[in-house]
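Got your viewer open? Keep the selection tool handy, and let's walk through this one stop by stop.

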Amino acid sequence: MAASSAGTDLTRLFLGAEGTHGIVVEATLLVHPIPSVRRWGGWAFPPGRAEVPAAAFERALETVRVVLQRGYRPAIVRAYDPDEATGLLERADVAAPGAALLIVGAEGEEAVVAPELAALEDRKSTRLNSSH
């Protein structure tokens, strides 16, 4: 058990549903209503003419950073490097060799969801079909 100048970390004694030295007997949950709007979008980030595929992945990550810095909080963000994205893009019948892939899910009210997905549009990427 790790100790610090403040003493033993008691949280570590109770990790898991059946902790080493105790059990959880009470929990507080925050419940959110079911969102009225759920949308998904996919963006392919092909490498530029003089870029290596890793640069496409870096642009996808930079896009996520910019969106989060603008204050948007999509429900799901998943970035695939070019190796992972290849099979997914082929199955979606998208010709984008060496591209990184960014999948984003947004949910909530339309006034929140639309700007979250629109914030991705001005990046150097190709929008794939989205679902509603």
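Which exposed residues does the face of H1 turned away from its buried side carry? Select Glu58 and Gln69: those are the exposed residues on that face. Here "exposed" means over 50% relative accessible area, "buried" means under 20%, and "partly exposed" is in between (1.4 Å probe, protein chains only).

Before going on, a word about what you're looking at. This is a predicted model, in which local features need pLDDT of at least 70 and side-chain atom pairs count only at pLDDT 80 or more, while totals for chains, interfaces and linings use all residues. Residues are numbered from 1 along each chain as its sequence is written, and side-chain values use heavy atoms, with hydrogens and water left out.

**Stop 1: the whole chain**

Colour the chain by confidence. The score is pLDDT, the predictor's confidence in each residue, from 0 to 100. Its average over the chain is 81, and 73% of the residues score at least 70. Confidence is lowest in strand E1 (residues 3-4), with a mean of 51, and highest in E4, at 93. Where pLDDT is low, don't read the predicted coordinates in detail.

Now switch to cartoon view. You'll find three helices and six strands, in the order β-β-β-α-β-α-β-α-β along the sequence. Helices (H or I, at least four residues) and strands (E, at least two) are DSSP runs, numbered from the N terminus. Of the 132 residues in the chain, 28% are buried.

**Stop 2: helix H1**

Select residues 53-69, which is helix H1. H1 has 17 residues and reaches 25 Å from its first C-alpha to its last, close to the 24 Å expected at 1.5 Å a residue. That expected span is 1.5 Å times one less than the number of residues in the helix.

Now pick out the buried residues of H1: Ala56, Ala60, Thr63, Val64, Val66 and Val67. They cover an arc of only 165° around the axis, which puts them on the same side of H1. (The arc is that of the directions from the helix axis to the C-beta atoms.) What covers these buried residues? The cover includes E3, E4, E5 and H3. Just after the helix, click Gly71, whose phi is positive, near 95°.

**Stop 3: strands E3, E5 and E4**

Select E3 (37-45) and E5 (100-108) together. They pair in the antiparallel sense over nine bridges; two strands pair if DSSP finds at least two bridges between them. Click Phe45 and you can look for its bridge partner in E5, Ala100. Gly41 stands opposite Val104 in E5.

Seven of the nine residues of E3 are buried, so this strand is largely enclosed by the rest of the structure. E5 also has seven of its nine residues buried, so it is largely enclosed as well.

Add E4 (76-80) to the selection. Five bridges join E4 to E5, and the two run antiparallel. For one of the facing residues, click Ala79, which stands opposite Leu102 in E5.

**Stop 4: Gly48**

Go to the loop between E3 and H1 and click Gly48. Is Gly48 buried, exposed or partly exposed? It counts as partly exposed, at 32% relative accessibility. Now add Gly98: the two glycines are 50 residues apart in sequence and 9.7 Å apart in space, C-alpha to C-alpha.

**Stop 5: helix H2**

Select residues 82-91 for helix H2 and highlight its buried residues, Pro82, Ala85 and Leu89. They cover an arc of only 55° around the axis, which puts them on the same side of H2. Turn to the other side of H2, and you'll meet the exposed Asp83, Glu90 and Arg91. Covering the buried side are, among others, E3, H1, E4 and E5.

At the start of H2, show the side chain of Asp81: one of its oxygens reaches to within 3.0 Å of the backbone nitrogen of Asp83. After H2 comes Asp93, with a positive phi near 60°.

**Stop 6: helix H3**

Last stop: select residues 110-121, helix H3, which has 12 residues. Its buried residues are Val113, Glu116, Leu117, Ala119 and Leu120. Seen down the axis of H3, they fall within an arc of 145°, so they line one face of the helix. The cover over them includes E3, H1 and E5.

Conventions: The arc is that of the directions from the helix axis to the C-beta atoms. Contact means heavy atoms within 4.5 Å. A polar contact is a pair of N or O atoms within 3.5 Å; within protein, one must be able to donate a hydrogen and the other to accept it, and residues adjacent in sequence count only if both atoms are side-chain atoms.
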